[in-house]
Amino acid sequence: MGRQKKLIIGNWKMNFTVGEASLHLNKLENAIKPAPNVEVVLAPSTISLQPLSLQVKPKQFKLAAQNYYWRDFGAFTGETSIHQLKGIVKYAITGYGERRYLFGETNKDIRRKVAAALRHDIIPVLCIGETANERQFHETSDVIYDQLISGLAEVTSEDITKVVIVYEPVWAISTVADAEICTPDDVAAAIKEIRHQVEYLYGKKVAEQIQVLYGGGVNENNVGSYLLTPGVDGLLVGSSSLRVKSFADIVEKANILGGKI
Ligand code: PGA
């Protein structure tokens with residue numbers, strides 16, 4: 001906590017054609033100044049990953065997959081395996097709210113995806129968080145517990161510190177209807193709970209070391225308050241990562257704060 005570089009992941013979701021993604025990367029390359037205190041990660045659509053991997057300057061940005069399948073090869077029409085993404089991405093996002101709730105991914109799918117990424121030396125970015133309904137019924141702790149326990153079920157004590165965890169309350173994702181703001185106090189409480197569960201599973205040292213991010217409604221104006229929230233090691237940024245100036249500002253602020261905390 002606070003000792004590593006801040007991790008800022010821009011999740012472009014299903015936006016940009018391949019050509020537009022290349023242009024967006026080019027604009028980011030020009031707009032983002034060197035940020036030694038930040039690891040900046042871009043997650044374009046799967047179709048853009050390979051061409052962008054040839055364009056990207058690895059010192060400036062790393063790439064992440066938004067989704068992947070956990071088996072290596074076989075009769076799985078339409079899927080891209082993590083094995084096929086090896087050498088292209090450093091990170092792979094899994095458990096993202098939209099995958100769970102729009103595409104029906106279960107805790108079991110996500111557990112296998114986390115294990116598959118680790119098997120191929122790719123860092124899994126495990127997203128967990130409650131829906132608006134679950135929040136209304138005060139089930140946040142239960143959801144964190146269930147999604148964490150099952151997401152990490154195949155992760156050994158040697159591998160656990162390679163996993164990145166994101167607290168991403170579904171009700172705070174900016175594109176969700178009636179999205180609400182998750183206050184830094186709520187973020188702090190959820191992340192404390194996450195580290196508590198990690199401590200229970202893997203011990204105190206791991207709970208302090210593991211990188212935990214926040215995602216949901218982050219923009220250039222509130223980035224500071226989230227990064228100063230206790231326990232937050234970085235941010236998963238959706239909509240604001242599609243706007244060059246907003247994302248560049250977020251990285252710049254993270255770089256300044258990352259040098260201080
Ligand atoms: P948002 O998306 O930043 O548009 O709310 C959240 C996310 O990608 O975690």
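User: How many Å separate a polar side-chain atom of Tyr96 from an oxygen atom of the ligand?
Analyst: Happy to help! This is a predicted model, where local features need pLDDT of at least 70, side-chain atom pairs count only at pLDDT 80 or more, and totals for chains, interfaces and linings use all residues. Residues are numbered from 1 along each chain as its sequence is written, and side-chain values use heavy atoms, leaving out hydrogens and water. A polar contact is a pair of N or O atoms within 3.5 Å, and for Tyr96 the distance to the ligand oxygen is 2.9 Å.

User: Which residue offers a polar backbone atom 2.8 Å from an oxygen atom of the ligand?
Analyst: Lys13 uses a polar side-chain atom, 3.4 Å from a ligand oxygen. The backbone atom at 2.8 Å belongs to Ser239.

User: How much of the ligand's exposed area does the protein bury?
Analyst: Accessible areas here come from the Shrake-Rupley method with a 1.4 Å probe. Taken alone, the ligand exposes 280 Å². The protein buries 99% of that.

User: What is the radius of gyration of the protein chain?
Analyst: The chain holds ten helices (DSSP runs of H or I, at least four residues) and eight strands (E, at least two). The globule rule (2.2 Å times the number of residues to the power 0.38) gives 18 Å for 261 residues. The chain is close to that, so it is as compact as a globular protein of that length, with a radius of gyration, taken over C-alpha atoms, of 17 Å.

Key:
A polar contact is a pair of N or O atoms within 3.5 Å; within protein, one must be able to donate a hydrogen and the other to accept it, and residues adjacent in sequence count only if both atoms are side-chain atoms.
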